[in-house]
Amino acid sequence: MSQSTADIVSAIDVRDLHFRYQKAESDALKGLSLQAHYGKITGLLGPNGSGKSTAFQIISTQRTPDSGESFVGGYSSTKDPRKVRRLLGVTFQTPSIDPLLTVRENLEIHAALLGLQGNYQKIIDEKLNFFGLLNQANHRSKTLSGGMQRRVELAKTLMGEPKILLLDEPTTGLDPLARADFWHLLRKIALGGVGILVTTHLMEEAELCDHLLFIAHGKLSASGTPMELKSSFPYEVIWLESSVTQSMVEKQFGDRVRVRQEGDRLRLETTHGLSVLDELRKSFSEQIKGFSWGKASLADVYFEKSGVKL
Amino acid sequence: MSQSLRAIWYLFYREVLRFTRLRSRWIGSLATPLLFWFMIGGGVGASFGNDSGPGAPGYFEFMFPGILVMAVLFTSIFSTVSVIEDRHQGFLQGVLVTSVPRWNFVLAKILSGAALGLLQAVLLILVASLTGIQVALSAWAGAVLLLFSMGLLLTALGFAFAWILDSVQGFHGIMNLILMPMWILSGSLFPVDRGPKLLQIIGMLNPLSYAVKPLRELISTSHTESLGTGLIAMVAAFALLFFISVSRVEKPAK
């Protein structure tokens, strides 16, 4: 595909997908539409059972939707599945490398499956180098740490130089260091023009995306950059460290604030942060040991859009 | 086509690597037929004696081709269990999202199961030569063809079930239910054409019967008239099962 077409066509374009599993009582997808673009990391967030994995399976041609369409690089996932598979690199939640084979053997088999021509040992060495796996190349995969195994997974996904990546919770089970490292690599890949659609449950990962899609109950509930989403939240958040109780705050402010206890702190949501703070200081100056005040976090927006009441 | 060839070769190569790395697997599938042979062959032979007159083969020798079939059968079951493992481990999903035609995966599984089964059977023939059962040089080609085509059929049968079953336990249950009677009624343990009418009919419908007869003749007399029939029966049954499996595998899940 030429660069100019790539600019016009979305990497992934999903339109009004409906899907119901056999014997299920309701639809897993209820008109899901979403887009992901080349050169960008698009994060897909949603509670368990919200339809993320079903959407992934349809986009990656593993399932056929009841209605609606999914396009990858302009090709329909149902009508042109082999063209879609050729463009896509997919990493699933469950590992797909063979634990009994060495890292190199795993990559060799995948190269053959992708139909890579010519000397693909060179490509394998490039990937091993890119992912810092050269020293592990001849180790059996099951002897590697979780972080290393995930790197092999990603190396495998990238073997065919896919233009579009589909990653389903790729950092599951990784420690914070390995995770940061993984996201650093993802950014490097996106900078090469690859369109990435990634699911995650972690807000600190969501913050690293260019664009976020929240899905709830089988359809899109919100989308935007992390900043846009945070700004869309109508409340400011005050955290209060004090001996003041929830009922004392409720009595003082009535419905001007939403308050709840979280650990040994009180969490207040309000549209008038500064004036509430002033009033708190006046009324409870003796009891307050510390406070912070700021815009809502991504997690706040996420809970709100998922319809979760805490 | 060259993409398919290479994909099939590498998937085949993977199965062989896995096989050599799971020592327990090849010890198990080689030792079990041997044990059955010495227990049943030795026990039954000694208990009932040899009533076919002097010079005729004893039960120990009679049973040997059946033991080769058993080795092929066990290997094919273990090979296709890996379809379920591949699904659970995620390897299968990794294959299905590539653009490689899916029949490549089916064929590689079946070819590798048949080849590994043949390898086990050949090892058994070599072990058996220590006991005095010699396969004549002129009989080898026919025996190898029969054992390999039998492996194709049995692995294809295993694949057809493994693809629709989700648990290894369930798969073993079903395979025992189908393969054990298939083995017993193939002429491996006793000549089915001398049994009750019902068993005779089942024996006739059982494709394995058509391979056991020429295999026994080849081993005992190094000559058979029914090699062609045996091969055609095996390959036809394999082709049917292969076609069924491919049409299932090509269909995306609903």
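Reader: What share of the 254 residues in chain B is buried, and what makes a residue count as buried?

Author: Buried residues come to 46% of the 254 in chain B. The model is a predicted one, and a residue gets the label when 20 or more other C-beta atoms lie within 10 Å of its own.

Reader: Why is B:Leu154 called buried?

Author: Just count: B:Leu154 has 33 other C-beta atoms within 10 Å. The cut-off is 20 or more, so B:Leu154 is buried. You'll find B:Leu154 in helix α6 of chain B, residues 137-164.

Reader: And which residues is B:Leu154 in contact with, leaving aside neighbours within four places in sequence?

Author: Those are B:Val72, B:Leu73 and B:Ser76. Contact here calls for C-beta atoms within 7 Å. As for B:Thr75, it sits 79 residues away from B:Leu154 along the chain, with 9.2 Å between the C-alpha atoms.

Reader: How much of the contact in chain B joins residues at least 24 apart?

Author: Take the contacts between residues at least 6 apart in sequence: 77% of them join residues at least 24 apart.

Reader: What makes chain B as compact as a globular protein of its length?

Author: First, the make-up: chain B has 10 helices and zero strands. Its radius of gyration is 19 Å, and the globule rule gives 18 Å for 254 residues; the two are close, so chain B is as compact as a globular protein of that length. Along the principal axes, its C-alpha atoms fill a box of roughly 65 × 40 × 35 Å.

Reader: How many residues does each chain bring to the contact between chain A and chain B?

Author: Chain B brings 22 residues and chain A brings 25. On the chain B side, α1 (2-21) and α4 (91-96) each supply at least two residues. The largest share there is the nine residues from α1(B). By type, the chain B side splits into 11 nonpolar, six polar and five charged.

Reader: Over to chain A. How do you know that the span of helix α7 of chain A agrees with what it should be?

Author: Helix α7(A) covers residues 176-191, which is 16 residues, and at 1.5 Å a residue it should span 22 Å. The end C-alpha atoms are 23 Å apart, which agrees.

Reader: Why say that the buried residues of α7(A) line one face of the helix?

Author: The buried ones are A:Arg179, A:Trp183, A:Leu186 and A:Ala190. Looking down the axis of α7(A), they fall within an arc of 55°, so they line one face. In general, an α-helix has 3.6 residues a turn, so residues three or four places apart point the same way. On the other side of α7(A), A:Leu177, A:His184, A:Lys188 and A:Leu191 are exposed.

Reader: What do the buried residues of α7(A) pack against?

Author: Three elements of chain A: β3 (41-45), β8 (195-199) and α8 (203-206).

Reader: Why are β2 and β5 of chain A said to stand at the edges?

Author: The open sheet runs β2-β1-β4-β5 in chain A, with antiparallel pairing. β2 (29-36) and β5 (75-76) each have a single partner strand, so one side of each is left without a neighbour in the sheet. For β2(A), six bridges join it to β1(A), residues 12-19, and one pair of bridge partners is A:Leu17 and A:Leu32.

Reader: Last one: what makes you say that β14 of chain A lies largely in the open?

Author: Strand β14(A) has eight residues, 288-295, and the number buried is zero, so β14(A) lies largely in the open. Still, seven bridges join it to β11(A), residues 236-242, running antiparallel. A:Gly294 in β14(A), for instance, is the bridge partner of A:Val237.

Note on methods:
Residues numbered from 1 in each chain as written. Chains lettered and ligands numbered in written order. Predicted model: local features only at pLDDT ≥ 70, side-chain atom pairs only at ≥ 80, totals over all residues. Contact = placed C-beta atoms within 7 Å. Helix = DSSP H or I, 4+ residues; strand = E, 2+ residues; numbered from the N terminus. Nonpolar A, V, L, I, M, F, W, Y, C, P; charged D, E, K, R; others polar. Rg over C-alpha atoms; globule rule 2.2 N^0.38 Å. Buried ≥ 20, exposed ≤ 12 C-beta atoms within 10 Å, placed from the backbone. Expected span 1.5 Å × (residues − 1). Arc of directions from axis to C-beta. Pairing = 2+ DSSP bridges.
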